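I opened a new notebook page for this protein. My plan is to go from the whole chain down to single residues.

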Amino acid sequence: DAIQTMTAYIVTVSQGETQQGSVEYNSIFAVGLLLFFLTFLMNIIGRLIVTKYAQQYDWKMKDKFFNLVFLLAVMVGLISLMVLFVDIISDGYKYLTWDFFTNYASRKAEKSGILAPLAGTLWLISLTAILTIPVGISTALYLEEFATDNWFTKLIKLNVSNLAGVPSIIYGLLGLAFFTYTLSLGKSLIA
């Protein structure tokens with residue numbers, strides 16, 4: 001494990017393979033913060049480059065080329081996803097019974113179900129929607145309808161770009177480490 005990506009490091013620490021309170025455990029936040037600031041810096045540099053050179057190039061020919069390239073990339077991804085989906089459904093449809101959805105986990109495979117994780121997931125999705133939909137809509141309305149072009153608006157837009165640039169698994173793992181281990185919330189819906 002001499003060479004490891006930052007994401008793999010966060011996963012290793014979040015899975016509990018390191019002791020809570022150790023230097024490795026505490027460094028997960030430094031790694032996450034470093035990832036955040038690297039993405040933030042790349043967004044600033046990218047915005048400066050696009051702003052500076054946008055008027056100098058004829059974009060019509062490049063737009064057509066990149067639209068074709070991106071369309072092909074999306075098609076490859078969608079076709080691969082369809083193949084995987086069909087394979088999973090063809091192998092597992094016979095196990096999708098009403099008992100599978102309504103039974104709790106069991107040591108006996110034929111009686112085991114997913115009721116507890118399914119209920120927890122639905123609760124988590126509901127709680128997240130209740131908290132984030134009003135904040136997201138309010139932010140969008142503020143930025144589009146009321147905000148003037150000042151430093152605060154630019155800061156919000158830059159942070160929105162940064163959130164879009166960092167994979168959500170990073171924020172999820174940082175949240176896991178912070179809420180579950182640091183705040184000792186354990187296996188609760190809030191964590």
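**Entry 1: confidence.** I started with how far to trust each part, since this is a predicted model. Helix 1 (residues 6–14) has the lowest confidence, at a mean of 64. Helix 5 (residues 115–146) has the highest, at 88. For the protein, I noted a mean pLDDT of 79. I also noted that 82% of its residues reach 70 or more.

**Entry 2: the overall build.** Next I looked up the secondary structure. I found 7 helices and 0 strands. Along the sequence, I wrote the pattern down as α-α-α-α-α-α-α. Then I checked burial. Of the 191 residues in the protein, 13% are buried.

**Entry 3: helix 7.** I picked helix 7, residues 168–182, for a closer look. This helix has 15 residues. How far does helix 7 reach from its first C-alpha to its last? I got 20 Å, close to the 21 Å expected at 1.5 Å a residue. Which residues of helix 7 are buried? My list is Ile170, Leu173, Leu174, Gly175, Ala177 and Thr180. I added a reminder to myself: residues three or four places apart on an α-helix point the same way, because there are 3.6 residues a turn. Just past the end of helix 7, I noted that Ser184 has a positive phi of about 55°.

**Entry 4: the nonpolar core.** I then looked up the largest nonpolar core. It has 6 residues: Ile28, Leu35, Val166, Ile170, Leu174 and Ala177. Helix 2 and helix 7 each supply at least two residues of this core. Helix 7 gives the most, with 3 residues.

**Entry 5: Tyr171.** I stayed in helix 7 and turned to Tyr171. Why does Tyr171 count as partly exposed? Its relative accessibility is 28%, and partly exposed means between the 20% limit for buried and the 50% limit for exposed. I also checked Tyr171 against Phe36. The two are 135 residues apart along the chain, yet their C-alpha atoms are separated by 9.4 Å.

**Entry 6: a pocket.** Last, I looked up the second largest pocket. About 150 Å³ of space lies in it. What lines this pocket? I listed Ile44, Arg47, Leu48, Asp149, Lys154, Lys157 and Leu158. By type, the lining has 3 nonpolar residues, no polar ones and 4 charged ones. Helix 2 (23–53) and helix 6 (151–165) each supply at least two residues of the lining. So helix 2 appears twice in my notes: at least two of its residues are in the core, and at least two line this pocket.

Definitions and conventions
Residues numbered from 1 in each chain as written. Predicted model: local features only at pLDDT ≥ 70, side-chain atom pairs only at ≥ 80, totals over all residues. Heavy atoms only, no water. Helix = DSSP H or I, 4+ residues; strand = E, 2+ residues; numbered from the N terminus. Expected span 1.5 Å × (residues − 1). Buried < 20%, exposed > 50% of the residue type's maximum accessible area, 1.4 Å probe, protein only. 1 Å grid on protein atoms, 1.4 Å probe; cavity = no way out; pocket = protein on both sides within 12 Å on 5 of 7 lines; lining within 4 Å. Points joined across faces, edges and corners; volume = space filled by probe spheres on them. Nonpolar A, V, L, I, M, F, W, Y, C, P; charged D, E, K, R; others polar. Core = buried A, V, L, I, M, F, W, Y, C linked by side-chain atoms within 4.5 Å. pLDDT = per-residue confidence, 0-100.
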